[in-house]
Amino acid sequence: MDVLLQQILNGLTLGGTYSLVALGLTLVYGILHVPNFAHGAFYMVGAFVSYQFMSAWGANYWVAMLGSALVVAVLAALSERLIFHPLRHHEGLHPMIAAIGLMLFLEAGAQALWGADFRRMATPYEGIVNIMGATAPVQRLLIIGGAFALMLALHLFLTRTVTGSTIMAMAQNREGASLMGIDATRVAMLTFGISGVLAAVAATLYSPIGLVFPSMGNLVITKAFVIIILGGMGSVPGAILGGLIIGFAEAFGAYYISTDYQDIVAFVLLVVILSLRPEGLFKQRAR
């Protein structure tokens, strides 16, 4: 039982982080209908900005998280305005190539500013809690609590506020929402800003138990794409469920099979689930 509970905690830690990143990615996809390959770079920038706040400027962990969220939100909104907005009428590869170019630019910028070395972010929460025989570092519990609290806040924002409703309307039918008087440009920038906040918070939560380096977002964004495909492109509930599925699969796979194959589990699941349900776990909601 203690082994089972330990893997459940590990799965919730990974799943919560993946879900936050995938949520930002699926919101942007719902607006642009283009996969934002630069989203992993936003995750990486969020980690480095928090690291800078804490290591160089001596900021509190929560102040660093807030500062990182604001910086990445502004960066994401500017990216939409300067890069993706001019390409809104272009189909096919143009927006995807622009996203890849932005990703490479941000990675090179991070390497120029902070170097290519691996860094570890400090955390004020270094204790360990015993839960029914399982050991859980306080930082992991913080990741679980913070991730699901933010998911709940996002759900309430999208379903209970007028601004959130405009985002959902744009994701479902961009042309129809524009005809109803919704400002597509404002909503697109807001959506990118929210995606930046989600990426930065996810990175700040997870980095104290991982490492911070310029290419850290590459594997995360690859798994995020797997998650939104599993859950259904453009589906917010699908992004959350897909993230939890991948998180639990990796946690149990690493323990019962081998840690060497942990990162392969996501892609095996992708093949299995899509062979049974090609449209994903949730039907596609973005049009």
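**A hairpin, a long-range helix contact and two cores**

Strands β1 (residues 128–131) and β2 (residues 134–137) form an antiparallel pair held over four bridges. This description rests on a predicted model. Within the pair, N130 of the first strand faces T135 in β2. Two residues lie between the strands of this hairpin, and M132 there adopts a positive phi near 55°.

Attention can now turn to the helices, beginning with α4. Helix α4 covers residues 93–114, a run of 22 residues. From its first C-alpha to its last, α4 reaches 31 Å, which is close to the 32 Å expected at 1.5 Å a residue. Its buried residues are P95, A98, A99, L102, M103, L106, E107, A110 and W114. The cover over these buried positions of α4 includes three other helices, namely α2 (39–55), α3 (61–84) and α9 (217–231). Just past the end of α4 comes G115, with a positive phi of about 85°.

One of the helices that help to cover α4 is α3, and S68 offers a good place from which to look at it, as this serine is located in helix α3. S68 counts as buried because its relative accessibility is 0%, whereas the cut-off for burial is under 20%. Its surroundings bring together residues from separate parts of the chain. G46 is 22 residues away from S68 in sequence, yet the two C-alpha atoms are 5.3 Å apart in space. With neighbours within four places in sequence set aside, S68 is in contact with G46, V49, S50, F53, A200 and T204. For S50, there is also a polar contact of 3.4 Å between its side chain and that of S68.

The nonpolar interior completes the picture. The largest nonpolar core contains 78 residues, and Y43, M44 and L205 have the most contacts inside it. Helix α8 (residues 184–206) supplies the largest share of this core, with twelve residues. L205 shows how such contacts are spread along the chain: apart from residues up to four places away in sequence, L205 touches L20, Y61, M65, Q139, L142, I143, G146 and A147. A second core, separate from the first, has five residues, among them L5, L9, A134 and A136. The hairpin described at the outset thus returns here, with strand β2 spanning residues 134–137 and A134 and A136 included in the second core.

How values were computed:
Residues are numbered from 1 along each chain as its sequence is written. This is a predicted model: local features need pLDDT of at least 70, side-chain atom pairs count only at pLDDT 80 or more; totals for chains, interfaces and linings use all residues. Side-chain values use heavy atoms; hydrogens and water are left out. Two strands pair if DSSP finds at least two bridges between them. The expected span of a helix is 1.5 Å times one less than its number of residues. Buried means under 20% relative accessible area, exposed over 50%, partly exposed in between (1.4 Å probe, protein chains only). Contact means heavy atoms within 4.5 Å. A nonpolar core is a set of buried Ala, Val, Leu, Ile, Met, Phe, Trp, Tyr and Cys residues joined through side-chain atoms within 4.5 Å. A polar contact is a pair of N or O atoms within 3.5 Å; within protein, one must be able to donate a hydrogen and the other to accept it, and residues adjacent in sequence count only if both atoms are side-chain atoms.
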